[in-house]
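Me: Please take a close look at one strand residue and its surroundings, and then follow the account outward to the open and enclosed spaces, the cysteines and the charged pairs. I would like one connected answer rather than a list.

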Amino acid sequence: LRREMKAALRDTGVRIELGEGFRVRPDGDVRDRAAGLDIMADLGAVRINAVSMEPSLERTHDQLALLADLVIERGMAFTIEFAPMNTINNLASALTAIDHVGRGRAKVLIDAMHLFRSGGTVDDLKALDPELIGYAQLCDAPMVAPEGLPYFQEATCGRMVPGTGEFPLADWIAALPADTPIGIEVPVLDALAAGLDPRHHVADVVRAARAL
């Protein structure tokens, strides 16, 4: 499977900008994910992203530092993502984690939904050292969470096509360093389950992103 994936990447000119799925857990050690990192490196992933679901902030910081070691040893960059429902829950806490891991060893991933829903602003982005921003994720949503919808469910199953929600996305993009890679994260699982064609969804999202 890995050989076929590498061949497909080579033949299409596609590369893996972001390797996901790595997290700090209360019942695990990030060093147990070394084999997964080996696979990512073998597939040519540019960077690895991590979140924390470990309640202890001290252990979160230590585990992220260990994960950074593993990622850097394999020639990949490392980003830390914040989200309101996680231990690292806003931009300030992500920057604190980066300070612990070591500047130059980690950067922050800026997800539009997580930034605005955690109280962050475009001005907060403008005030950042551009060297601290490693990746961005584009989506849209209401500025205020829909009543009764758990944040995790909305974030993983029901984001909106860029430009159809309430986030100031054009200003958000303009505030990012010009060379920031921007991924598009717009899961619409209910619509897909109801028959939305995945290719049509991808095409709509890409067109909207390019318009921005």
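Reply: In this predicted model, Ile 182 has a relative accessible area of 36%, so the residue counts as partly exposed. Ile 182 belongs to strand E6, which covers residues 182-184. Once its neighbours within four places in sequence are set aside, Ile 182 is in contact with Tyr 135, Ala 136, Leu 138, Ile 173 and Leu 176. One of these partners, Leu 138, is 44 residues away from Ile 182 in sequence, yet the two C-alpha atoms are 6.7 Å apart in space.

From there one can turn to the cysteines, beginning with Cys 139. With a relative accessible area of 0%, Cys 139 is buried, whereas Cys 157, at 27%, is partly exposed. Taking a disulfide as a pair of cysteine sulfur atoms within 2.5 Å, the count for the structure is zero. Cys 139 takes part in no disulfide, its nearest cysteine sulfur being that of Cys 157, 13 Å away. Seen from the other side, the closest cysteine sulfur to that of Cys 157 is the one in Cys 139, and because the separation is 13 Å, the two are too far apart for a bond.

The open space comes next. The largest pocket has a volume of about 430 Å³, and of the 21 residues that line this pocket, Glu 20, Val 51, Glu 81, Thr 156 and Glu 185 lie nearest its centre. Strand E1 (18-24), strand E2 (47-52) and helix H7 (151-157) are the elements that each contribute two or more residues to this lining, and E1 supplies the largest share, with four residues. Sorted by class, the pocket lining has 11 nonpolar, five polar and five charged residues.

The enclosed space can be set beside that. The structure holds one cavity of 30 Å³ or more, and the volume of the largest cavity is about 40 Å³. Its lining is made up of Arg 23, Arg 25, Gly 28, Asp 29, Val 30, Arg 33 and Gln 63, which by class amounts to one nonpolar, two polar and four charged residues.

Charged side chains also pair with one another, and a search of the whole structure finds 14 salt bridges. Among them is the bridge between Arg 105 and Asp 69, whose closest N and O atoms are 2.9 Å apart. Arg 105 sits in the loop between helix H4 (91-101) and strand E4 (107-111), while Asp 69 is in helix H3 (residues 57-73), so this pair ties together parts that are 36 residues apart in sequence. Both ends of the bridge are partly exposed, Arg 105 with a relative accessible area of 27% and Asp 69 with one of 31%.

Another bridge joins Arg 15 to Glu 17, with 2.7 Å between the closest N and O atoms. Here Arg 15 is exposed, at 56% relative accessible area, and Glu 17 is partly exposed, at 21%. In a further case the side chains of Arg 74 and Glu 73 meet at 3.7 Å, N to O, where Arg 74 is partly exposed with 24% relative accessible area and Glu 73, at 60%, is exposed. Finally, salt bridges that share partners link Arg 2, Lys 6 and Asp 42 into one network.

Technical notes. Residues are numbered from 1 along each chain as its sequence is written. This is a predicted model: local features need pLDDT of at least 70, side-chain atom pairs count only at pLDDT 80 or more; totals for chains, interfaces and linings use all residues. Side-chain values use heavy atoms; hydrogens and water are left out. On a 1 Å grid over the protein atoms alone, a cavity is a set of points where a 1.4 Å probe fits but cannot get out, and a pocket is an open set with protein on both sides within 12 Å along at least five of seven lines; lining residues have an atom within 4 Å of a point. Grid points are joined across faces, edges and corners, and a volume is the space filled by probe spheres set on the points. Ala, Val, Leu, Ile, Met, Phe, Trp, Tyr, Cys and Pro count as nonpolar, Asp, Glu, Lys and Arg as charged, and the others, Gly among them, as polar. Buried means under 20% relative accessible area, exposed over 50%, partly exposed in between (1.4 Å probe, protein chains only). Contact means heavy atoms within 4.5 Å. A salt bridge is a side-chain nitrogen of Lys or Arg within 4 Å of a carboxyl oxygen of Asp or Glu.
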